[in-house]
Amino acid sequence: MTDSRKRYLQVPQGTEGVHLEEAYRHRRITQELYQLFTQWGYLPVETPVFDFYDIYEPLLRSSARDVYRLIDREGDLLMLRSDITLFLAKQMGLWLREEDLPTRVCYADTILRHQSAEDISKNEFFQTGAELIGKAGSEADLEVLLLLESIFMEIGVTTSIHLGSHQFLTLALKELNETELKEAVQAIRNREQQKLHSLIEAHTSPRRADVITALFSFIGNREEFSREILRYDAILQNEEMESLQYLTELVEQMEELGYARDVRIDLSEVGTQPYYTGIVFQVYQAGLDDAVASGGRYDKLLSRFGFDCPSVGFSMMLRKIENQVAERFGLPEDIVKVEGKTFAEAFRAAQQIREKGGIAIQ
Amino acid sequence: MSLNLESTETPLTMALPKGRLFEQVQEYFAEKGFHFKFEKRRLVAHDESGLLKIFLVKNADLPTYVNHGIAGLGISGEDVLYETGLRFFQLMQFDFGSTEMCLAARKSYGKPNTIRTVSVATKFPRFARDYFYSQGVPIQIIKLNGSVELAPILGLAPYIVDLVETGSTLRANNLEVVDTLKKINVHLISNPSYYKLNYRRINRFVAALHSDTGNTVPGSSESGRKYADK
């Protein structure tokens, strides 16, 4: 092998090339999604590829170390787009006016972040998503959950939505100080029950600590969840109970509309990003190493960029599931190779096929 | 109800580490009613109830298999898990296989000077680095892959950080434990996504491991029941 070929085969961590069938499939799925988004009134937005790092730094949390940074000619520190939701929030915060609300936007674009050798198969190079901006309340939450479920129905994969509540988290752990809260959130996400229990018990009765720990460890369908929370009626405060019942009501509405194929209430879903305020969810699919989609309500994010308005949305790492729908989104089969005595003759014949919507090569 | 009534479903996948832990795991599982054995040179086996499909992998590779979801579950020591820095659910801590992560040196060498940079040879660079930094001690790490005891003897580094079970290898090489840094336990871990998709069956499996009679009793434990029913 020549030295130059060896050199070309090496690619920096966090990049990928997509070729032929794979690229075609990716385009078709993206097109189909855009069509679906449009039918729901979600219109595309484009975000810049890089922006100033310091604006986003407080919002990055642990993902900060995976961000690619660079210095521009003026000496400012920039970051490459590692999460479209963040870049979008800034844009929307800057440009939206009260009279534009509510606004429905969608996107499908490349993201750039470092991935370690262990994580490289995670396929997190391309992010697709939708945001409903400027609408609070259950109808907005419901709309976004229904849109999410419709997408997976449309592309034909079986998924489970795990729905949690950041609001309940805030209420149930309000006695904890900032450091303890961080530790508790970590313990909830990692299902470390003993650690969570001892953090809560330091501030409240043992019985309440039992109940809160049990709730954060619970996973089940709506009926199971309703039964579970009824048992704790005497321990939970009204606001806490309401935030939990809100989840059951949402799922019930999804069921009534026939869009709750597999929805589980799972309070250990507290969001992978620090900016969530209401519902939070992740979507799982068999055979994948990580969630394929995640999202929730983040009513305070846009205000960081100068425009205070509620927002709810999700983003997906669709590339993770593209090879599972390869059959449906395969290469076109009916490509006609037109023969002719001259090139002009073949070209004209090919044009006739193209005009009827066919695919032809002259 | 026995867990194997669900044999129509695909088995739960689990990675087990080759080496010192394997036999202890096999024995423990047999006590709980999960019997399996690997045919000669084979690295994949099923337990007799059909609930588990088990892969035998190298200790240090086990977290990688679980991280990628190739094995949904795994059994691993905290030492190995810590080095990867990856996120797993720790579903259960076992009462076998625990060891201690220790700082060792030649006899009468004493504790390290905390002002000068200390050289430490170890198979566990991440753990060693984090531990000494948390103590405010500057450290230079020399990564080795085995026979770490040689480092102080041959003069590669005065200190080593390594797992110590009985201490006999240290004594045989004229070394001693200077400080015990952390107790290292063995855990049942899960890929988070795999757990979320299979939580019912995994919870029942964990309940069977917790119970004295194992895989023969009704196992209706939901996660969190431990706290809910107190």
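**Exercises on a predicted two-chain model**

A:I335, A:I359 and A:I361 make up a nonpolar surface patch with about 230 Å² of accessible area together. The model is predicted, so local features need pLDDT of at least 70 and side-chain atom pairs pLDDT 80 or more, while totals for chains, interfaces and linings use all residues. Residues are numbered from 1 along each chain as its sequence is written, chains are lettered from A in the order written, and side-chain values use heavy atoms, without hydrogens and water.

**Exercise 1.** State where A:I361 lies and classify its exposure.

*Solution.* Step 1: A:I361 belongs to strand β14 of chain A, residues 359-361 (a strand is a DSSP run of E, at least two residues, numbered from the N terminus). Step 2: buried means under 20% relative accessible area, exposed over 50%, partly exposed in between (1.4 Å probe, protein chains only). Step 3: A:I361 has 42% relative accessibility, so this residue is partly exposed.

**Exercise 2.** Do the same for B:V57, and list its contacts beyond four places in sequence.

*Solution.* Step 1: B:V57 sits in strand β3 of chain B, residues 52-57. Step 2: its relative accessibility is 7%, so B:V57 counts as buried. Step 3: with neighbours within four places left aside, B:V57 contacts B:A15, B:L16, B:P17, B:K18, B:L62 and B:Y65 (contact: heavy atoms within 4.5 Å).

**Exercise 3.** Find how many salt bridges cross the interface of chain A and chain B.

*Solution.* Step 1: a salt bridge is a side-chain nitrogen of Lys or Arg within 4 Å of a carboxyl oxygen of Asp or Glu. Step 2: the rule finds three across this interface. Step 3: A:E269 pairs with B:K196 in a salt bridge, with the closest N and O atoms 2.8 Å apart.

Key
Patch = residues over 30% accessible without salt bridge, like charges linked within 9 Å, V, L, I, M, F, W, Y side chains within 5 Å. Areas by Shrake-Rupley, 256 points an atom, 1.4 Å probe, with all protein chains shown as cover. Helix = DSSP H or I, 4+ residues; strand = E, 2+ residues; numbered from the N terminus.
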